[in-house]
Amino acid sequence: MAAKEPEIIRDKDQMRRWSRAMRSQGKTVGLVPTMGYLHDGHVSLIREAHNHTDLIVVSIYVNPGQFSPSEDLSTYPSDFHGDIQKLMAVPGDVDVVFNPHNLYDYGTSKNANANEAARASDDARVGNGGNGAVSCVEENGLGHETWVRVERLEKGMCGQSRPVFFRGVATIVSKLFNIVEPDVAVFGKKDYQQWRIIQRMVRDLDFGIRVIGSEIVREKDGLAMSSRNVRLSPEEREKALSISKSLSRARLAAAEGQTNCKELRDLVTQAIHESGGRLDYAEIVDQESLEQAKEIRSPVVFCVAAWFGKVRLIDNMEINI
């Protein structure tokens with residue numbers, strides 16, 4: 001049986017019409033938001049979505065709103081054609097790929113021709129492996145200026161070193177929810193803080209959407225799958241295994257009775273430093289409130305972010321004792 005190619009929709013109004021037409025027929029719609037350069041971790045999210053809905057929409061959009069000027073927006077990997085091929089191989093199919101050009105473009109530019117030329121240039125870069133991402137802030141004052149914040153949950157961990165990140169994530173996910181109007185949305189638990197922030201945003205703003213967290217998918221050697229892994233050199237990749245290995249040791253130590261969080265953090269911190277990594281954070285927090293724990297007395301999650309070379313990796317492990 002020939003693989004089914006998903007319908008590719010780039011216009012947000014067309015996307016909204018499609019979803020409403022499907023739901024008017026009594027079908028449920030699941031959304032899997034991605035930034036492309038898909039791997040088996042993304043495929044696992046789609047498989048999970050199939051367990052809950054009739055139809056699947058995968059969004060592929062590199063969101064400029066979550067990158068600061070010093071971060072890796074321009075180097076974020078992209079392979080749209082390869083992504084479509086991967087999606088065609090997913091059991092159960094993907095019905096729509098939503099691949100908008102710029103969700104922060106409201107047609108307010110004073111120079112429409114320049115805007116169109118920039119769009120054509122960016123589309124060409126997408127086809128040649130560039131990510132095609134463009135700025136979401138215009139200097140003429142007519143650009144995007146409305147942001148969604150989940151104020152407490154965004155403050156620690158990734159929010160400490162990436163202060164605009166979760167503002168950008170919550171805003172773009174809100175926009176995707178308003179455009180696609182899904183019944184269910186699936187997020188990977190590798191981005192644990194992000195998953196909890198989206199859950200809280202949906203609750204607080206009364207989105208009628210069920211947010212599901214899907215378990216981390218790992219390479220055979222234990223490295224958490226990430227689109228950024230491709231940028232690691234072989235030596236850096238080997239060193240990066242210190243994250244998952246030390247997290248596993250910490251979880252085992254907790255299961256054997258070590259509940260002092262400082263001792264567990266020191267174990268992971270030392271392992272990453274000894275492997276040549278540069279630690280961003282290593283935090284043990286409550287699984288729902290994300291508040292730091294001193295002793296493990298209830299379910300927690302051990303979250304880590306570290307740099308290996310020029311690549312920042314995140315990982316986590318839940319500890320339930």
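This report walks through a predicted model of one protein chain, from its overall make-up to a few individual residues.

**The big picture**

Let's start with the whole chain. You'll find 9 helices and 9 strands in it. Of its 321 residues, 52% are buried. Now take the contacts with a separation of 6 or more: residues 24 or more positions apart account for 72% of them.

**How the helices pack**

Three helix pairs are worth a look, and the table puts their geometry side by side.

| Helix pair | Angle between axes | Distance between axes |
|---|---|---|
| H8 (residues 234-255) and H9 (residues 261-274) | about 160 degrees | 9 Å |
| H1 (residues 12-24) and H6 | roughly 55 degrees | within 7 Å |
| H6 and H7 | about 50 degrees | 10 Å |

Take H8 and H9 to begin with. Their angle is about 160 degrees, and angles over 145 degrees count as roughly antiparallel, so H8 and H9 are roughly antiparallel to each other. The crossing of this pair is right-handed. Which residues in H8 meet H9? They are Ser242, Ile243, Ser246, Leu247, Arg249, Ala250, Ala253 and Ala254, and their partners in H9 are Leu264, Leu267, Val268, Ala271 and Ile272. Sorted by class, the contact of H8 with H9 has 10 nonpolar residues, 2 polar ones and 1 charged one.

Next come H6 and H7. With about 50 degrees between them, H6 and H7 are oblique to each other. H6 passes H7 in a right-handed crossing. On the H6 side you can pick out Phe165, Phe166, Val169, Ala170, Val173, Ser174 and Phe177, which meet Gln193, Gln194, Ile197, Ile198, Met201 and Val202 in H7. This contact has 10 nonpolar and 3 polar residues, with no charged ones.

It helps to keep a bit of helix geometry in mind here. An α-helix has 3.6 residues a turn, so residues three or four places apart point the same way.

H6 also has a partner in H1. The axes of H1 and H6 cross at roughly 55 degrees, which makes H1 oblique to H6. Lys12, Met15, Arg16 and Ser19 in H1 meet Asn178, Ile179 and Val180 in H6. The mix in the contact of H1 with H6 is 3 nonpolar, 2 polar and 2 charged residues.

**A helix with many buried residues**

Now find H2, which covers residues 40-50. Its buried residues are Gly41, His42, Val43, Ser44, Leu45, Ile46 and Ala49. What do the buried residues of H2 pack against? Their partners are strand S2 (29-34), strand S3 (55-60), helix H3 (80-88), strand S5 (184-188) and strand S6 (210-214).

**Some residues in loops**

Arg162 has its place in the loop between helix H5 (158-161) and helix H6 (165-180). Is Arg162 buried or exposed? Its relative accessibility is 10%, so Arg162 counts as buried. Leaving aside neighbours within four places in sequence, Arg162 is in contact with Gln66, Phe67, Glu71, Arg228 and Arg312.

Now for a backbone quirk. Most residues other than glycine have a negative phi, and most peptide bonds are trans. Asp206 is not a glycine, yet its phi is positive, at about 60 degrees. You'll find Asp206 in the loop between helix H7 (192-204) and S6. Asp206 counts as exposed because its relative accessibility is 68%.

Leu290 also has a positive phi of about 60 degrees without being a glycine. Look for Leu290 in the loop between strand S7 (278-286) and strand S8 (300-308). At 11% relative accessibility, Leu290 counts as buried.

Leu290 brings us to Gly156, a residue in the loop between helix H4 (112-127) and H5. Gly156 and Leu290 are 134 residues apart in sequence, but their C-alpha atoms are 8.2 Å apart in space. Gly156 is partly exposed, with a relative accessible area of 29%.

**What about the cysteines?**

A disulfide is a covalent bond between the sulfur atoms of two cysteines. How many disulfides does a search of the whole structure find? The count is 0. Why is Cys303 not bonded to Cys158? Cys158 holds the closest cysteine sulfur to that of Cys303, but the two sulfurs are 8.1 Å apart, which is too far for a bond. Cys303 is also buried, with a relative accessibility of 4%. Cys261 is buried as well, at 0% relative accessibility.

Note on methods. Residues are numbered from 1 along each chain as its sequence is written. This is a predicted model: local features need pLDDT of at least 70, side-chain atom pairs count only at pLDDT 80 or more; totals for chains, interfaces and linings use all residues. Side-chain values use heavy atoms; hydrogens and water are left out. Axes are lines fitted to C-alpha atoms, for helices over the stretch in contact, and angles run from 0 to 180 degrees between N-to-C directions. Helices (H or I, at least four residues) and strands (E, at least two) are DSSP runs, numbered from the N terminus. Angles under 35 degrees count as roughly parallel, over 145 as roughly antiparallel, 65 to 115 as roughly perpendicular and the rest as oblique. A crossing is left-handed if the near helix is turned anticlockwise from the far one by less than a right angle, and right-handed if clockwise. Contact means heavy atoms within 4.5 Å. Ala, Val, Leu, Ile, Met, Phe, Trp, Tyr, Cys and Pro count as nonpolar, Asp, Glu, Lys and Arg as charged, and the others, Gly among them, as polar. Buried means under 20% relative accessible area, exposed over 50%, partly exposed in between (1.4 Å probe, protein chains only). A disulfide is a pair of cysteine sulfur atoms within 2.5 Å.
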